[in-house]
Structures are given as structure tokens and as C-alpha cells.
Amino acid sequence: MSAPEPQRRVGQTILEWDHVTFGYGRTPVLRDVTLQLTSGELLAVVGPNGSGKTTLVKLGLGLLHPTSGSVRLFGQPVERFRDWGRVGYVPQRAGADSPLPLSVLEVVRSGLAGHLGLVRRPTAADRQRIEHVLEVMGIAELRTAPVSQLSGGQQQRALIARALVTAPQLLVLDEPTTGVDAAARAALRQSLEHLIRVEGVGVISISHDPEGFADLADRVVEVRAGRVVARDRADVEVRRP
């Protein structure tokens, strides 16, 4: 049985970078970046490796602090934000390997650890939410399969399902298509389309691949020479690394 669809306020500002500059020591990485993400929107962030794409998102999540400028998450200064259940983050090369033979269900359920603590068991609502994200990500039939035996695309969908189990309003995916074949990419695209268009989740997809999810994105920006430049989707799609 699927969980009820969350009620979202589509168009609500989720994340804002306001004239943000950042550097490591005297080496500038990002210069005067102003950008925002709203609910029900996919923002594709493209650019070559080392351009500052991941740095941009880490600033947005408070993992790094700007040299100047400010970042607001759900209307709050990011350094004061505490409601992290509203944010799902799948970092680059997030591993699904484990010395333990964890099943897909166990991996997805582990996303509730911060909510449940060490001793509480999942409630009926928690179990319903788990079933919902398994269905949305198209891996319900794999629930008992060991994650270590899945394909790269199936593992990625399991990790995204784990990030979704707290019903976040913001989902950040760093290089979601790395190591994923065309069929798995299509399945992942379909799942993201549901999250964005039906549930109103705001999604940031970071990729060095110009194709990525640019065709699904509402906006595409390129990080280049420390600047964030708006790109036309068709222009990004025809470019190659």
C-alpha cells in the first residue's frame, strides 16, 4: 500500500545563494554566485570535474561556509538550519558496498536512523513510507535482494530511496548517472519526474556529463571559471566532454 502523496507548495523557495564567493585560502573556487531553487523544480548543475559544482552544493547544505555572501535554506540562514529531515543528499560515489549482506529493504530503512534512534522500531507510517519510496524508485520487487549484488543503476536507486524515506522537500544528487547504463538512467529519470511533478520535491542534479538530466531540468546552469552561468538546455545537450 502506497503512502499518501505529500502536500507540497510548488514554487516555494527552498534554497538561495546570495552573492556567494568561496575559496580555499587564496584560491577562488566560486565568485559572486546568486542562484535559487524552488519546490517542484529540477535544477541541473553541469560543468567539468573540478569546476566547483560540488562546492556549490556543499555551501548550500552548510557543509562549507562562504567567504562572503549568504545562503538560506527553507528561508533560514543555513548555519542555523536544523530540520535536516527535509533534505535528502546522495553524495558522489556513495557506496552501497558493505561487509554485511544488507538487503535493499534494510538499506532503505537505514535512512530512518536519525528519526528512529537506536531503539525505536518503524511505525506503521514509517513502513508505509518505505513501501512508497520502493515503488517510486521502481525497486519494490528487489526488496529482499542483497544490495551488493545489484547493478550500478539499481544500487543508485536504492541509495536515492534511502534519502527519500524521510519525505524530504529537497533532494540533492551528486553525479547520479555515473556508472549507470542507458536503461537504468531511463528508469531513474522516470522516478525523478514523479518526485518533481507529482510530489513537488525540489531536486538539484550535479553532473559533469552534459546530457545528464538536462532534458528533464527546468533550468540548467554551468559552473565555469568560478561563475554560474545559465545555459539553454538544447545547447548543453549537444556539447560533449
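W17 stands opposite V71 in strand β4. Strands here are DSSP runs of E with at least two residues, and helices are runs of H or I with at least four, both numbered from the N terminus. The model is predicted, so local features need pLDDT of at least 70, side-chain atom pairs count only at pLDDT 80 or more, and totals for chains, interfaces and linings use all residues. Residues are numbered from 1 along each chain as its sequence is written, and side-chain values use heavy atoms, without hydrogens and water.

Strand β1 (residues 13-24) runs antiparallel to β4 (residues 68-73), and 5 bridges join them. Two strands pair if DSSP finds at least two bridges between them. An open sheet of 4 strands follows the order β2-β1-β4-β5, with antiparallel pairing. β2 (27-38) and β5 (76-77) stand at its edges. Each has a single partner strand, so one side of each lacks a neighbour in the sheet.

Helix α1 packs on this sheet and touches β1, β2 and β4. Contact means heavy atoms within 4.5 Å. The direction of α1 makes about 120° with that of β1. Such angles run from 0 to 180 degrees between N-to-C directions, with axes fitted to C-alpha atoms, for helices over the stretch in contact.

In α1 (residues 53-60), 6 of the 8 residues are buried, so the helix is largely enclosed by the rest of the structure. Buried means under 20% relative accessible area, with a 1.4 Å probe and protein chains only. The buried residues are K53, T55, L56, V57, L59 and G60. Just after α1, G62 takes a positive phi of about 75°.

The protein has 7 helices and 10 strands. Of its 241 residues, 47% count as buried.

How values were computed:
Buried < 20%, exposed > 50% of the residue type's maximum accessible area, 1.4 Å probe, protein only.
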